[in-house]
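Trainee: Before I plan my reading of this protein, could we go through it together, one topic at a time? I would like each answer to be argued through.

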Amino acid sequence: MWLFARDPVRDFPFELSPEPPEGSPPGPWALHRGRKKATGSPVSIFVYDVKPGAEELTQVAKAAFKRLKTLRHPNILAYIDGLETDKCLHIVTEAVTPLGVYLKARAEAGGLKELELSWGLHQIVKALSFLVNDCSLIHNNVCMAAVFVDRAGEWKLGGLDYMYSAQGNGGGPPSKGIPELEQYDPPELADSSGRAVREKWSADMWRLGCLIWEVFNGPLPRAAALRNPGKIPKSLVPHYCELVGANPKVRPNPARFLQNCRAPGGFMNNRFVETNLFLEEIQIKEPAEKQKFFQELSKSLDSFPEDFCRHKVLPQLLTAFEFGNAGAVVLTPLFKVGKFLSAEEYQQKIIPVVVKMFSSTDRAMRIRLLQQMEQFIQYLDEPTVNTQIFPHVVHGFLDTNPAIREQTVKSMLLLAPKLNEANLNVELMKHFARLQAKDDQGPIRCNTTVCLGKIGSYLSASTRHRVLTSAFSRATKDPFAPSRVAGVLGFAATHNLYSMNDCAHKILPVLCGLTVDPEKSVRDQAFKAIRSFLSKLESVSEDPTQLAEVEKDVHAASSPGVGGAAASWAGWAVTGVSSLTSKLIRAHPTAAPAEASVPQRPTPEGLPAPAPTPVPATPTSSAHWETQEEDKDTAEDSSAADRWDDEDWGSLEQEAESVLAQQDDWSSGGQTSRAGKTSNPDHKSSELDWSSWEAEGSWEQGWQESSSPEPPPEGTRLASEYNWGGPEPSDKGDPFAALSARQDANTQPRPDSWGDDNWEGLEMESRQAKAELARKKREERRREMEAKRAEKKAAKGPMKLGTRKLD
């Protein structure tokens with residue numbers, strides 16, 4: 001029977017890389033790259049080959065093997081595994097690069113910042129302090145070759161070959177026999193008399209001074225070069241001079257050296273070192289301290305090294321969220337660090353956390369996720385969005401906090417391209433219908449209209465036919481002026497999705513009604529849109545063969561490309577109305593929004609320019625609706641538009657952070673149910689396609705049950721009374737101001753009666769007459785009933801107690 005001896009090297013769970021050794025330090029060891037066979041994770045492998053006649057060197061290597069295996073400290077090279085045979089020694093550590101190789105590579109890429117060098121030296125000094133003060137060990141080999149750098153940029157102290165006990169238990173320091181290492185020995189070692197008085201750390205602190213000189217100036221040619229600090233920073237020079245002083249007695253203890261450098265104005269007193277020190281002790285910090293740290297971390301990440309952010313900050317952020325209940329404060333730094341990751345790393349590390357965050361009930365977490373969705377939406381696949389993200393996001397449409405409702409609406413711009421048929425064309429449309437008709441915040445209704453116009457190209461053809469015309473028509477009846485403007489611009493942005501028949505019978509009648517709107521901004525946009533739609537109709541009328549080309553998108557399937565044409569059609573509504581919402585919330589946090597009192601008139605950019613000639617030679621293309629400036633636009637309009645563009649989406653959320661903890665019902669203030677249905681036959685015919693839509697949350701139902709805001713507080717000025725433009729008041733009065741005053745005095749406009757053209761209050765007079773007639777009939781009926789009761793009482797007389805009434 002044959003017995004085969006097993007090869008320990010072959011059975012070793014780590015294997016060497018075929019590449020040659022990288023920057024092996026002087027000494028017995030050769031540094032190789034390697035990997036773990038089971039997982040493929042990278043490691044570094046120090047290899048020593050036993051040679052005959054080198055017993056002394058072999059003993060040094062074995063001593064280093066033992067020291068590295070037993071010493072555990074965050075700033076000392078981390079031991080993973082080892083192999084000791086008669087032929088070789090293998091020490092497996094974390095993946096590292098020699099400091100000399102690392103500095104050379106970084107110098108070619110632009111050099112290291114002082115922040116990185118300060119933290120690296122801090123780590124080496126801290127490792128020396130641990131060895132000297134806690135372990136009573138002398139390293140005896142501090143130099144460039146004994147320092148290594150891991151993938152996070154952390155400096156690690158290695159080279160433990162010549163370490164010995166400071167208490168003299170194991171004899172004196174071992175002999176090195178290598179000139180490259182002996183040049184770092186302090187001058188007192190050359191004094192054979194031993195009369196020099198020194199501390200146990202004196203020799204290592206001299207070598208630390210040599211290391212500092214080499215870090216800033218390059219390889220040390222000779223010991224005399226230490227007299228010239230060279231490129232060493234001025235804040236470090238005084239402390240460096242203490243290290244390389246001729247008197248070993250005055251060289252500071254490593255702990256004291258750190259304390260001196262961390263003093264105000266010191267080389268190691270900076271934000272980067274403070275951040276690293278906090279991360280090292282984060283597990284024992286109070287929750288309030290962690291919250292403050294993560295809030296301030298985002299401001300500093302831009303100045304921190306990329307490797308440090310990826311490999312040290314990111315794991316701490318993920319741990320803080322997973323186990324530390326850090327909450328929403330980790331989101332901003334988390335997404336900032338995520339920019340340094342590859343697509344594959346982002347999918348592995350960030351996306352699982354993001355998906356888990358969406359299921360959180362924390363309002364601050366939800367609104368932060370919605371605010372920063374643009375940073376991670378490209379990494380989300382469609383199944384994840386539809387099954388794990390969208391079901392949680394839609395709860396925001398029903399939230400009592402207006403900030404969350406608004407951010408949820410805005411997030412649909414990013415989610416819509418990834419939603420499936422049911423979520424996009426059914427579920428989302430229900431929520432949009434309810435928000436546009438019933439939400440008590442005018443800016444949210446406005447942004448709902450804006451969002452619908454931007455995602456219209458993603459809807460199916462049947463949904464577009466049912467939804468768009470009805471939704472934009474409803475928006476034109478909104479009491480909030482920017483919503484009416486958004487409805488007009490919505491028609492313009494999606495003009496290629498309507499048939500010529502719909503343009504003539506459904507859209508133009510709605511737009512014509514807006515030509516007498518109390519707000520001039522609404523009238524301006526209505527006239528421009530009317531001219532553009534008319535030019536399109538006239539073009540087809542002159543050349544009927546163009547009909548197929550003009551209507552090619554009407555019955556086409558949803559196309560993401562079409563949405564790009566509308567990218568700028570109502571950017572003002574997306575950016576500006578948010579600030580209006582925040583102003584409403586600040587002014588009336590629990591009352592109904594006084595929308596008519598908002599002293600701003602939106603004059604959006606991205607307006608459809610009117611055609612200069614009534615019959616163009618070619619049909620109007622989608623480019624016709626892009627942002628254009630008309631020569632006749634006044635300075636007043638452009639000034640107002642600039643004010644809208646100065647706003648941003650995030651202004652509401654800044655105000656809402658103080659409101660997130662409150663549980664007040666924002667939707668309970670001052671909304672009364674509006675009764676009555678439209679009697680206009682044109683409106684009824686335009687809504688026939690909605691008969692199959694579900695009753696709850698449908699666009700048509702929203703029309704019939706939409707709420708009417710309370711009248712503005714006493715003393716509120718009408719929007720038409722403001723000078724919307726420049727500082728000079730206009731000498732020419734607004735011909736529609738009287739109309740606005742009369743309408744405000746009589747009644748609030750009904751958003752479900754877009755066919756009403758009687759702007760003189762005739763409808764109110766008719767209602768009053770009908771109400772008076774009904775009152776008179778009720779009075780007459782009451783008198784008749786009283787007369788009949790009196791006749792019966794007189795004929796039969798009073799009934800006695802206990803008698804039975806006979807027929």
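Trainee: Which residues do ring pairs link into a cluster?

Mentor: This is a predicted model, and side-chain atom pairs are counted only where pLDDT is 80 or more. Rings are taken to pair when their centres lie within 6.5 Å, and by this rule the count comes to 16 aromatic pairs. Among the residues involved, ring pairs join three phenylalanines into a cluster, namely Phe272, Phe304 and Phe308.

Trainee: Which class of aromatic pair do Phe12 and Phe14 form?

Mentor: Phe12 counts as buried because its relative accessibility is 6%, and Phe14, with a relative accessible area of 7%, is buried too. Their rings lie 5.6 Å apart, centre to centre, with 55° between the planes. Planes under 30 degrees apart would count as stacked and those over 60 as edge-to-face, so the pair formed by Phe12 and Phe14 is classed as tilted.

Trainee: In what order do the 3 strands of the open sheet lie?

Mentor: The edge strands, each pairing on one side only, are β6 (96–98) and β9 (155–157). Strand β8 (residues 147–150) pairs with β6 in the antiparallel sense over 3 bridges, and β8 and β9 also pair in the antiparallel sense over 3 bridges. Neighbouring strands of this sheet are turned by 40° against each other on average, direction ignored. The order of the open sheet is therefore β6-β8-β9.

Trainee: What is the bridge partner of Val149 in β9?

Mentor: On the β6 side, Thr97 has Val149 in β8 as its bridge partner. β8 and β9 form a hairpin with 4 residues between them, and Gly153 in the turn has a positive phi of about 85°. Across that hairpin, the bridge partner of Val149 in β9 is Trp155.

Trainee: Which residues of β8 are buried on its two sides?

Mentor: In a regular strand the side chains alternate between the two faces of the sheet. In β8 both faces are covered, and helix α4 (residues 114–134) lies across β8 and β9, running at about 25° to β9. The buried residues are Val147 and Val149 on one side, and on the other Phe148 and Asp150.

Trainee: Which residue in β5 stands opposite Glu84?

Mentor: Strand β4 (residues 79–84) and strand β5 (residues 88–94) run antiparallel and are joined by 5 bridges. A hairpin of 3 residues leads from β4 to β5. Opposite Glu84, in β5, stands Leu89.

Trainee: How many of the 14 residues of α19 are buried?

Mentor: Helix α19 (residues 442–455) reaches 20 Å from its first C-alpha to its last, close to the 20 Å expected at 1.5 Å a residue. A residue is called buried when its relative accessible area is under 20%. α19 is largely enclosed by the rest of the structure, because the number of its residues that are buried is 14 of the 14.

Trainee: What share of the contacts in the protein with a separation of 6 or more comes from residues 24 or more positions apart?

Mentor: The protein has 32 helices and 12 strands, and buried residues make up 50% of its 807 residues. About 39000 Å² is exposed, of which carbon and sulfur atoms supply 53%. Among contacts with a separation of 6 or more, the share from residues 24 or more positions apart is 71%.

Terms used. Residues numbered from 1 in each chain as written. Predicted model: local features only at pLDDT ≥ 70, side-chain atom pairs only at ≥ 80, totals over all residues. Heavy atoms only, no water. Pairing = 2+ DSSP bridges. Axes fitted to C-alpha atoms, helices over the stretch in contact; angles between N-to-C directions. Contact = heavy atoms within 4.5 Å. Buried < 20%, exposed > 50% of the residue type's maximum accessible area, 1.4 Å probe, protein only. Expected span 1.5 Å × (residues − 1). Areas by Shrake-Rupley, 256 points an atom, 1.4 Å probe, with all protein chains shown as cover. Phe/Tyr/Trp six-rings, centres within 6.5 Å; stacked < 30°, edge-to-face > 60°.
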